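Let's take a walk through this structure together, stopping at a few places along the way. Have the sequence and the 3D view ready.

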Amino acid sequence: MTLSLVLGLSGTAMAAALVLPALAQESLLPEGFGNPAETPAPKSSPTPSPTPTPAPGATPKNGATPPPVAPTLGTTTTTAAPAEEGEETEEGEEVASGGLKYDLPPGARRLLTRIGPLTPETGGLAPDAFGVRGQYAAAIMRKTNGQLASRWGQILLRRALASAIDTPDTINGADLAADRASLLLRMGESTTARRIVQSVDYDRASPRLVAAAQQTYLANADPAGMCPYVPAGLAHGDEQAWRLSAAICSGLSGEAGPAGWAIGRVRSSGKISNFDILLAERVLGATGAGRRSTTIEWTNIDRLTSWRFGMATATAIPVPETLRASAPSYMKGWTVLAPMTDMANRVAAAPEAAARGVLSSEAYVSLLSAAASEEEPAEALAAQTEQLRGAFRLATGVNRYAAMERMWSAGGTPNQSYAAMVATARAAAALPPSTEVGDDPWQLLGSMLAAGYDENAIAWVPTVSVGSRAWGVLAVGSPRPLTGMSAGAVGQFAGDDDSADALRSKFLLAGLAGLGRLDAGAVASAASDLEVDLGKQTRWSRAILAAAERREPGMVALLAAAGMQGEWSKVPPYHLYYIVRALREVGLPSEARMIAAEALVRV
């Protein structure tokens with residue numbers, strides 16, 4: 001039962017900074033994405049107590065201490081002293097974080113040998129999609145920052161990470177689930193991260209998964225979700241943070257005494273910011289276990305943590321806009337996915353989430369419509385939704401297209417402009433190809449392909465001129481190759497390219513070569529003209545090609561994401577070539593085409 005159900009509260013969640021463990025001695029990532037670590041990657045940890053024995057095949061061959069996770073609370077400068085061996089537990093702690101009960105019969109327990117909610121029948125990848133090298137996959141997950149250039153790259157990676165995949169023998173399934181959930185959180189995918197965490201029975205959670213579970217439930221503004229993990233958290237995690245969690249869980253159970261005792265012990269330790277303790281007391285007050293009302297003042301608070309945003313959201317405490325603005329971008333995904341969040345904050349976060357792939361086109365339109373239906377919507381929102389209605393409902397195609405153009409040009413940032421294209425995708429797909437849209441309707445086609453309407457887009461082929469930007473988008477995005485593809489056509493496209501260092505033309509060539517839509521001679525000729533080396537070999541390029549040869553679509557999706565971190569302007573053209581090629585070879589040609597088309601739209 002979530003806190004929102006228990007209390008009837010509203011809110012959102014914020015992210016926590018996770019300390020990423022070191023990778024192996026030579027980085028698996030592309031150039032510019034982290035320096036090689038000097039120490040070997042940490043091994044997975046065995047399943048902790050309270051589980052008496054791990055699931056069959058779940059315990060790794062070589063266990064070790066899990067990597068540290070950054071505290072989620074604000075701390076004082078006091079150094080925490082380690083507890084003395086044999087230190088007695090004070091009265092009340094056992095009640096606040098007592099023994100767990102499990103009501104499922106043994107036959108209903110979930111094994112750690114296959115974890116994930118999506119099956120091939122429900123849109124997931126095959127169980128062997130990540131191959132058999134579990135530590136290798138986990139290391140790449142930990143080193144991927146989650147800030148991906150491609151919306152379609154994020155959609156594919158989310159699908160891969162949420163798939164029910166077989167756990168390799170080299171890693172504990174709970175540890176691999178923790179790395180999957182943590183990467184999803186860095187991508188802004190808080191609800192999918194929760195599904196991964198909930199795919200493992202809580203008494204089989206490893207220390208690494210316990211830490212990830214805390215972050216996940218705070219990201220979903222659901223403090224009650226942490227309760228089953230409190231005993232393991234007290235044993236393996238940030239003790240003070242878990243004591244506050246224990247207090248909240250006692251309050252939810254109606255045990256005011258243990259809750260107050262736990263709060264008092266944390267406060268007397270001096271190791272936690274009093275502001276974070278007040279947030280916990282605010283939650284306790286909402287449960288009825290608190291003894292007094294708590295006033296929250298954000299004065300002198302200079303950063304948001306997962307604890308602060310999770311607790312504030314769960315109790316409907318407004319977060320200052322300055323703190324929201326300075327928060328990492330993936331927190332906007334957490335905000336927009338929390339349905340209990342204030343609508344104004346969800347709408348403000350929505351463009352970033354839509355451009356990144358957290359929100360689908362349909363979900364984005366539905367959110368804007370819901371916001372516009374509230375009493376006295378903001379003026380800017382009212383104007384935006386009016387234009388969106390016009391894109392769908394105006395009588396003529398010309399007028400509908402004009403409404404779309406106004407939306408596309410209204411964005412103040414590149415992400416906002418692309419988010420507008422995501423919002424108009426369905427309207428763009430419904431526009432008749434006979435509509436007068438000018439000489440180069442690349443935005444119209446980009447809008448369709450942002451939501452995967454490739455069959456609708458290909459109907460516009462007769463209306464575009466060879467060498468135009470719209471032609472380039474169709475050349476890589478259409479489900480069937482265009483006729484007359486040659487090095488000369490690519491050169492004609494490059495002649496009108498106004499992007500920095502002709503990056504758009506290089507992306508076009510990379511996409512066509514990766515899709516196999518240009519013969520080797522034409523690729524070599526165009527590459528020479530554009531002065532680009534698509535065949536450059538690096539550790540990353542060899543890794544993604546090897547994964548494709550092994551027919552591991554999940555690993556290819558993960559390595560593709562690793563090669564698209566940051567903005568499109570920072571993605572080398574040869575990365576796009578290898579990504580498109582590898583995706584096509586493992587049976588994901590549609591995703592390959594959408595990523596290539598997106599690159600031409602967004603640079």
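Start with helix 18, and keep in mind that you're looking at a predicted model. On one face of this helix, the one turned away from its buried side, you'll find the exposed residues Ser409 and Ala410. The helix itself covers residues 397-410, which makes 14 residues. From its first C-alpha to its last it reaches 20 Å, close to the 20 Å expected at 1.5 Å a residue.

Now turn to the other residues of helix 18. Gly397, Arg400, Tyr401, Ala403, Met404, Met407 and Trp408 are buried. They sit on the same side of helix 18, because they cover an arc of only 155° around the axis. And what do the buried residues of helix 18 pack against? Their partners are helix 17 (379-393), helix 19 (414-423), helix 20 (425-429) and helix 21 (442-450).

Next, have a look at the largest nonpolar core, which has 186 residues. Trp298, Leu444 and Trp568 are the ones with the most contacts inside it. Pick out Trp298 and set aside its neighbours within four places in sequence: Trp298 is then in contact with Phe275, Leu304, Arg308, Ala312, Ile317, Pro318, Val319, Pro320 and Leu323.

Our last stop is Ser190, in helix 6 (residues 190-197). Is Ser190 buried or exposed? Its relative accessible area is 1%, and buried means under 20%, so Ser190 counts as buried. Beyond its neighbours within four places in sequence, Ser190 is in contact with Leu185, Thr216, Ala219, Asn220, Trp334 and Leu337. Try finding Tyr217 as well: it lies 27 residues from Ser190 along the chain, and the C-alpha atoms of the two are separated by 8.4 Å.

Note on methods. Residues are numbered from 1 along each chain as its sequence is written. This is a predicted model: local features need pLDDT of at least 70, side-chain atom pairs count only at pLDDT 80 or more; totals for chains, interfaces and linings use all residues. Side-chain values use heavy atoms; hydrogens and water are left out. A nonpolar core is a set of buried Ala, Val, Leu, Ile, Met, Phe, Trp, Tyr and Cys residues joined through side-chain atoms within 4.5 Å. Buried means under 20% relative accessible area, exposed over 50%, partly exposed in between (1.4 Å probe, protein chains only). Contact means heavy atoms within 4.5 Å. Helices (H or I, at least four residues) and strands (E, at least two) are DSSP runs, numbered from the N terminus. The expected span of a helix is 1.5 Å times one less than its number of residues. The arc is that of the directions from the helix axis to the C-beta atoms.
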